[in-house]
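User: Hi! I've got a structure to go through and would love some company while I poke at it. Mind if I throw quick questions at you?

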Amino acid sequence: MRQWIALSLLCMSALLLPISASAACESPIKFGALTWESGQFISGVLKYIAEDGYDCTVEEVPGAGPALETALSQNDIQVIGEQWVGRSPIMEQAIEANKVAVIGDTLKGGATQGWYVPSYVLEENPGLRSYQDLPKYAELFKDPENPSKSRFMNCPSGWTCEIFNTRLLKNTGLDSIFNNAQPGTGAALDAEIASAFEQHKPLLFYYWQPTGLMAKYDFAPLEFPAHDDACWQDLLRADGTSDCVSGFPVSPLGIAVSTPFIDTNPELAEVFKKVQFTSDALNGAILEMSENKRSGEEQALVFLRENPKVWQSWLSEEAATNLAANLGVSLTGAAVVNTGVVNNNAANDNPFGLSSRFPSWSLETPLNNTLASVVRNYGDVFRTISTMALTYLLLPIERLLTVIPPWLIIALVTVLAWFGVRKIWFALACGAGLFLIGAFGLWGALIDTLALLIVSVLVTVVIGIPIGIAMSGSKLLRKVVTPILDVMQTMPSFVYLIPVLMLFGIGKVPALFATIIYALPPLIRLTTLGITQVNHEMVEAGRSFGSTHLQLLIWIKLPQALPSIMAGVNQAVMMSLSMVVLASMIGAPGLGEDVLQSIQTLNIGQGLQAGTAIVIVAIIIDRITQAFGQGKRARQKTIDAGRRPID
């Protein structure tokens with residue numbers, strides 16, 4: 001009986017307790033992890049409000065834009081902190097199906113976008129004010145990869161803005177004058193813009209705000225006609241038929257939430273509707289993030305601590321008090337109650353009283369400043385190298401492959417495969433594989449990939465084999481070069497993609513240099529290994545006959561080391577091919593561009609086709625280079641096996 005009485009009292013006390021703000025959240029709230037600065041900052045603010053103001057549990061789910069939007073429509077995530085209204089077909093369909101809602105007006109006055117040039121370009125060319133003036137000033141924006149035309153820097157492939165910019169180029173007739181350059185990623189676009197400003201070069205590009213880059217550099221918009229919504233809706237469609245030209249809309253920014261989230265968290269949804277920033281506040285926050293190398297959450301914490309009067313009106317009184325207490329600030333404007341800085345000395349000290357804290361060292365700022373200085377002072381030198389590589393290496397091979405009929409390339413590869421492997425089924429499979437790539441509509445992308453692959457392998461061989469030969473004869477050189485090769489092989493490619501991009505410009509040349517850096521180490525190592533493992537008795541026999549060092553190298557060492565060297569060439573080719581997708585992230589065309597675009601648009605079929613094409617090319621190249629890289633005896637065995645009659 002006493003147990004029942006105690007249980008009843010416990011239930012009554014739970015019911016009589018005041019309902020806290022945490023009642024707003026019945027389950028963890030999953031936020032989409034956005035990749036751009038404003039989205040990261042706004043998401044950080046929302047997460048602090050939900051977690052510290054309303055005692056909710058929050059999680060962050062990574063993913064590309066279309067993937068997150070699809071997940072939101074399925075309620076796999078509940079919140080996307082920044083959504084441009086009317087920009088995404090996925091979101092529009094989800095809103096029509098009542099699966100998603102975009103609430104609030106996050107940016108006062110809305111977000112702007114357009115075609116821009118650096119302000120100094122307009123100052124130096126007073127007649128350039130509108131998109132209609134571009135034909136007269138096209139010479140300013142010459143495309144290094146195609147000097148007969150100019151270049152317009154579009155959005156990355158797969159973004160909605162890439163579609164309407166492409167349509168605008170066509171409808172304005174500028175597509176006959178300007179090449180439609182796509183940088184691959186937003187970071188690549190930012191790097192190209194920053195490089196142009198640092199070198200005081202002209203550049204025509206699409207951009208938007210709020211962004212940190214807008215706050216850092218002085219952009220000048222080109223004039224367009226007034227916005228026409230009917231025209232704009234057609235421009236958003238890749239298959240649109242209208243030839244109209246419209247100015248860019250001012251896009252409201254909102255917070256995208258799933259409909260179940262609104263139903264289960266109405267109080268928090270009402271708070272999100274009230275969240276609003278001025279353009280100065282948002283641009284300033286993004287600039288501070290960039291300059292101080294803060295994450296979105298760190299900048300959100302700074303904003304919330306410095307602006308309690310701004311967010312106090314968004315929240316209920318109880319939630320505002322909770323958030324202020326967790327932030328260590330006062331809502332009345334009094335002195336800060338708690339700095340919010342945790343003293344970790346005790347946690348960092350071990351039982352023996354010795355501090356285990358690390359000193360604060362960083363090479364980030366000096367390296368960034370050095371890169372900016374190099375781009376500013378020596379950018380013309382690197383761009384000259386880029387132009388030479390394009391003019392004398394990449395473009396001639398690309399034109400040659402384009403001139404050769406596809407059927408002839410397929411026939412040559414089929415014959416080469418038979419000579420290498422001596423198996424008729426493999427030769428026919430190679431021809432069928434290349435035909436399949438053409439049937440997929442990827443022959444042009446294949447030619448771009450092969451041109452980049454051929455040039456990168458040629459340069460790698462010209463550089464790698466002599467270095468490998470030199471290392472084989474010098475222990476000191478091996479000790480010096482080996483750590484450098486270790487760094488080249490293990491350093492993530494993303495680390496040097498952006499610096500190479502800023503130095504050489506967007507497109508094929510930075511992809512070429514990035515590929516060479518990645519493919520060079522195995523060729524150097526295997527060349528060195530092959531020469532150092534040549535039979536010492538054969539070398540001594542050559543010396544006894546009076547051979548010079550050069551004669552020993554040409555007639556004894558290199559022939560004996562040829563299988564190892566060819567294995568290095570094979571590895572260089574395969575590693576160059578593995579850079580195809582990464583190279584597409586900095587604007588290099590080819591099969592990787594289709595893979596990247598399929599990722600950004602969730603086009604599974606396109607990605608599978610492009611991935612299959614890469615696999616086919618990889619298998620063909622690998623088997624043929626392996627076959628021709630065998631020693632004479634192994635090679636003869638392969639030929640004899642191919643001639644053996646089938647029982």
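User: Let's jump right in. Leaving out residues up to four places away in sequence, what does Ser493 touch?

Analyst: Happy to help! Ser493 touches Tyr518, Met579 and Leu582 once residues up to four places away in sequence are set aside. Keep in mind that this is a predicted model.

User: Noted. Is Ser493 buried or exposed?

Analyst: Ser493 is buried, because its relative accessibility is 7% and the cut-off for buried is under 20%.

User: And which helix is Ser493 in?

Analyst: Ser493 belongs to helix 22, which covers residues 493–504. There is also a C-alpha separation to look at: Ser493 and Thr515 are 22 residues apart along the chain, and their C-alpha atoms are 9.0 Å apart.

User: Nice. Zooming out, how many helices and strands does the protein have?

Analyst: There are 29 helices and 11 strands. The protein has 647 residues, and 47% of them count as buried.

User: What about contacts between residues far apart in sequence?

Analyst: Among contacts with a separation of 6 or more, 74% are between residues 24 or more positions apart.

User: And what does the surface look like?

Analyst: The protein exposes about 32700 Å², with carbon and sulfur atoms supplying 61% of that area. There is also a nonpolar surface patch of about 820 Å². Val415, Leu416, Trp418, Phe419, Ile424, Trp425, Leu428 and Phe628 make up this patch.

User: Which elements give two or more residues to the nonpolar patch?

Analyst: Those are helix 18 (406–421) and helix 19 (424–439). Helix 18 gives the largest share, with four residues.

User: Pick one patch residue for me. How about Leu428, exposed or buried?

Analyst: Leu428 is exposed, since its relative accessible area is 54% and exposed means over 50%. Leu428 is in helix 19.

User: Switching to helix packing. At what angle do helix 20 and helix 25 cross?

Analyst: Their axes cross at roughly 140° and come within 10 Å. Helix 20 spans residues 443–472, and helix 25 spans residues 549–578. The crossing of these two helices is right-handed.

User: Which residues meet there?

Analyst: From helix 20, the residues are Thr449, Leu453, Ser456, Val457, Thr460, Val461, Ile465 and Ile469. Across from them in helix 25 are Leu553, Leu558, Ile565, Val569, Ala572, Val573, Ser576 and Leu577.

User: Great. How many salt bridges does the structure hold?

Analyst: It holds 15 salt bridges. One of them joins the side chains of Glu60 and Lys47, at 2.9 Å from N to O. That pair links distant parts of the chain, with Glu60 in strand 2 (residues 58–62) and Lys47 in helix 2 (residues 37–53), 13 residues apart.

User: How do Glu60 and Lys47 sit with respect to the surface?

Analyst: Glu60 is partly exposed, with a relative accessible area of 45%, whereas Lys47 is buried at 6%.

User: What about Arg525, which residue does it form a salt bridge with?

Analyst: Arg525 pairs with Asp486, and their closest N and O atoms are 2.3 Å apart. This pair also links distant parts of the chain: Arg525 is in helix 23 (residues 508–532) and Asp486 is in helix 21 (residues 475–490), with their positions 39 residues apart. Arg525 is partly exposed, at 28% relative accessible area, and Asp486 counts as partly exposed too, at 37%.

User: Got one within a helix?

Analyst: Yes, Arg543 and Glu540 form a salt bridge, with closest N and O atoms 3.1 Å apart. The two are three residues apart in helix 24 (residues 536–544), so about one helical turn separates them. Arg543 is partly exposed at 40% relative accessible area, and Glu540 is partly exposed at 33%.

User: And which residues are linked in a network of salt bridges?

Analyst: Arg167, Asp234, Arg237 and Asp239 are linked that way.

User: Last one! What's around Asn283?

Analyst: Asn283 sits in helix 12 (residues 279–292). Asn283 touches Gln209, Pro210, Thr211 and Ala215, not counting residues up to four places away in sequence. Asn283 counts as buried, because its relative accessibility is 14%.

Technical notes. Residues are numbered from 1 along each chain as its sequence is written. This is a predicted model: local features need pLDDT of at least 70, side-chain atom pairs count only at pLDDT 80 or more; totals for chains, interfaces and linings use all residues. Side-chain values use heavy atoms; hydrogens and water are left out. Buried means under 20% relative accessible area, exposed over 50%, partly exposed in between (1.4 Å probe, protein chains only). Contact means heavy atoms within 4.5 Å. Accessible areas come from the Shrake-Rupley method with a 1.4 Å probe; for residues, only the protein chains shown count as cover. Patches are made of residues with over 30% relative accessible area and no salt bridge: like charges are joined within 9 Å, nonpolar side chains (Val, Leu, Ile, Met, Phe, Trp, Tyr) within 5 Å. A salt bridge is a side-chain nitrogen of Lys or Arg within 4 Å of a carboxyl oxygen of Asp or Glu. Axes are lines fitted to C-alpha atoms, for helices over the stretch in contact, and angles run from 0 to 180 degrees between N-to-C directions. A crossing is left-handed if the near helix is turned anticlockwise from the far one by less than a right angle, and right-handed if clockwise.
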